[in-house]
Amino acid sequence: MKGLILKDLLTLKNQMRNIMIIIIGFIILSIMMENYFYISFIIPFYIVMLVISTFSYDELNNANTYIVALPYNRKTIVKARYYLSLMSIITALLIGAILSFVTPLLNPDMDFMSTFASCVAAVIGVIFVISLLMPCFYKFGVQKGRVILFIAIMAVSSLIGVILSLFENSNLKIAEFFSTLENINYIILVVGAILIILLILYISYLFSCKIFKNKEF
Amino acid sequence: MNSISVENLSKKYKHFKLDNLNLNVPAGSVIGLVGANGAGKTTLIKLLLGIIKKDSGAINMIDKEEIGIVLDDAFLPDLLKINDINKIMKNIYKNWNEELFKEYLRKFNLTNNVTIKSLSKGMKKKLEIATSLAHNPKLLILDEPTSGLDPIVRGEVLDIFREFMENDEHSILISSHITSDLENIADYIVLIDNGKIILNKSIMDITDNYGIIHCTKEMFDKLKDKAINYRKNKYDYEVLVDNKKEIKKEYKDLNIDKANIDEMMYLLLRGEKE
């Protein structure tokens, strides 16, 4: 499996110049807007999204076809991708922590905890996105996968909208439910969030394995 | 001992099916796979390597660790550099031999560490061939490995394959449109047409027994019972036979040409039958 992860890392490394240009672009944008919150979530977000670009790299040169012919079972190929995702999540959080430490030095109005919280929120958001994207990409390929994901997001968000409006019309109070969350212990909340993230990634992994098992190239 | 044995292998697509294929690749032999475009050569190779799934039948093969592959138009992402291939493959094949890989790269003049993308088609093919050989495989599965190579490099590559075959345990399954390459290295020729194997003969059998006769209408009328297939040209008949020794005995003055694979293929696939 190490070989597969290395393949993705080395491909990304050869794209490092482009990646750095984009990151510097984010920093410049952030300075121009005088909004340091912006870099503290956009950079971690971008780093996790890089996993998605490795899917497009595998479509170059029909690498997918070659990789399934190598001495790996298909599960291992999918697993390597999810390990890469975990690696990118950890990297994103580390960079987020560094940024959260640095930005308050530039802007005294900011503090570590609130900046880091926005970075964590961005990473959690992007984990949801990649958990949906990866099975979609395995099923439909990168081009079609993007379109289908867009349709899915539209469908899910409008469904949520409908459900919420149903709740509003009834006597149930969602706001009351969320206010009870504040009373729960902070540590339980963090541990819970981590467990939920891992669970979501794991479910996404199971779906991807199932899809990739019968995929033909 | 067979490196590959295939029994009743079938795979159905909407407009094409690979139908009940049986094939053995004995250790120590080179099998040349020929056939027109879309005949099913690549489908067969993809089935063997698990790139696509079979509908029915059985495939028995040696472990994938011991197989070297060159695919038609598929390799690692082309943003990678040549040295990256070494780093990656070292972690994929247990028997990866870094020194051997570098030796092949030197042999093929691939000494600059550039991206795969920047290589010419021929150079890229050479890199793929070097990669297929560097983990000391016992079996090579090669889909059009010599396409895009100039005659000199093709000669070099064929020499490397010949060298590979010096070990009795080694075998090669190779598909190619350049049939003269196959005549040079194959022990058996397998002709696939429309998803079926229509010929599976040793080169020795072909050289000893097959022949092509160019003759007049009168001669053709005498020969036609013995012909496999024939083609009527403007001035003569071209007749494929598989028992040239007997015919030679009967018609001593008749000139029987050696059947090369291209002509045989053409007559078998497009010729007429009485």
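The following questions and answers concern a predicted model, with attention to a nonpolar patch, a helix crossing and several salt bridges.

Reader: Which helix gives the most residues to the nonpolar surface patch of chain A?

Author: The patch covers about 740 Å² and is made by Ile98(A), Phe101(A), Val102(A), Leu105(A), Leu106(A), Phe112(A) and Met113(A). Two helices of chain A, spanning residues 74–106 and 112–169, each supply at least two of the patch residues. The greatest contribution, 5 residues, comes from α5(A).

Reader: Is Phe101(A) buried or exposed?

Author: Phe101(A) belongs to helix α5 of chain A and is one of the residues that make the nonpolar patch. Its relative accessible area is 59%. Because a residue counts as exposed over 50%, Phe101(A) is exposed.

Reader: How is α1(A) oriented relative to α5(A), oblique or roughly parallel?

Author: Helix α1 of chain A, residues 2–14, packs on α5(A) with the axes 9 Å apart and at an angle of about 50 degrees. Angles under 35 degrees count as roughly parallel and those from 65 to 115 as roughly perpendicular, so an angle between these ranges falls into the remaining class. The crossing of the two helices is right-handed. The orientation of α1(A) to α5(A) is therefore oblique.

Reader: What distance separates the C-alpha atoms of Ala97(A) and Phe112(A)?

Author: Ala97(A) is placed in helix α5 of chain A and is partly exposed, with a relative accessible area of 23%. Phe112(A) is among the residues of the nonpolar patch. Ala97(A) and Phe112(A) are 15 residues apart along the chain, and their C-alpha atoms are separated by 8.2 Å.

Reader: Which residue of chain A meets Lys11(B) in a salt bridge?

Author: Side chains of opposite charge can pair when their charged atoms come close. For Lys11(B) and its partner, the N to O distance is 2.7 Å, and the pair crosses between chains, from strand β1 (residues 2–12) of chain B to the segment after α8 (186–213) of chain A. Lys11(B) is buried at 6% relative accessible area, whereas the partner is partly exposed at 30%. That partner is Glu216(A).

Reader: Which residue forms a salt bridge with Lys87(B)?

Author: The closest N and O atoms of this pair are 3.9 Å apart, which meets the requirement because a salt bridge is counted within 4 Å. Both residues lie in helix α2 (residues 82–90) of chain B, 3 residues apart, about one turn of the helix. Lys87(B) is partly exposed at 34% relative accessible area, while its partner is buried at 2%. The partner is Asp84(B).

Reader: In the salt bridge of Arg231(B) and Glu238(B), which residue is buried?

Author: The two side chains meet with an N to O distance of 2.8 Å. Arg231(B) has 27% relative accessibility and counts as partly exposed. Its partner has a relative accessible area of 5%, and because buried means under 20%, the buried residue is Glu238(B).

Reader: How many salt bridges are there over all chains?

Author: Some of the charged residues are joined in a network of salt bridges, which links Lys7(A), Asp8(A), Asp58(A) and Arg81(A). Other salt bridges include that of Lys11(B) with Glu216(A) and that of Lys87(B) with Asp84(B). Over all chains, the number of salt bridges comes to 19.

Methods. Residues are numbered from 1 along each chain as its sequence is written. Chains are lettered from A and ligands numbered from 1 in the order in which they are written. This is a predicted model: local features need pLDDT of at least 70, side-chain atom pairs count only at pLDDT 80 or more; totals for chains, interfaces and linings use all residues. Side-chain values use heavy atoms; hydrogens and water are left out. Patches are made of residues with over 30% relative accessible area and no salt bridge: like charges are joined within 9 Å, nonpolar side chains (Val, Leu, Ile, Met, Phe, Trp, Tyr) within 5 Å. Accessible areas come from the Shrake-Rupley method with a 1.4 Å probe; for residues, only the protein chains shown count as cover. Helices (H or I, at least four residues) and strands (E, at least two) are DSSP runs, numbered from the N terminus. Buried means under 20% relative accessible area, exposed over 50%, partly exposed in between (1.4 Å probe, protein chains only). Axes are lines fitted to C-alpha atoms, for helices over the stretch in contact, and angles run from 0 to 180 degrees between N-to-C directions. Angles under 35 degrees count as roughly parallel, over 145 as roughly antiparallel, 65 to 115 as roughly perpendicular and the rest as oblique. A crossing is left-handed if the near helix is turned anticlockwise from the far one by less than a right angle, and right-handed if clockwise.
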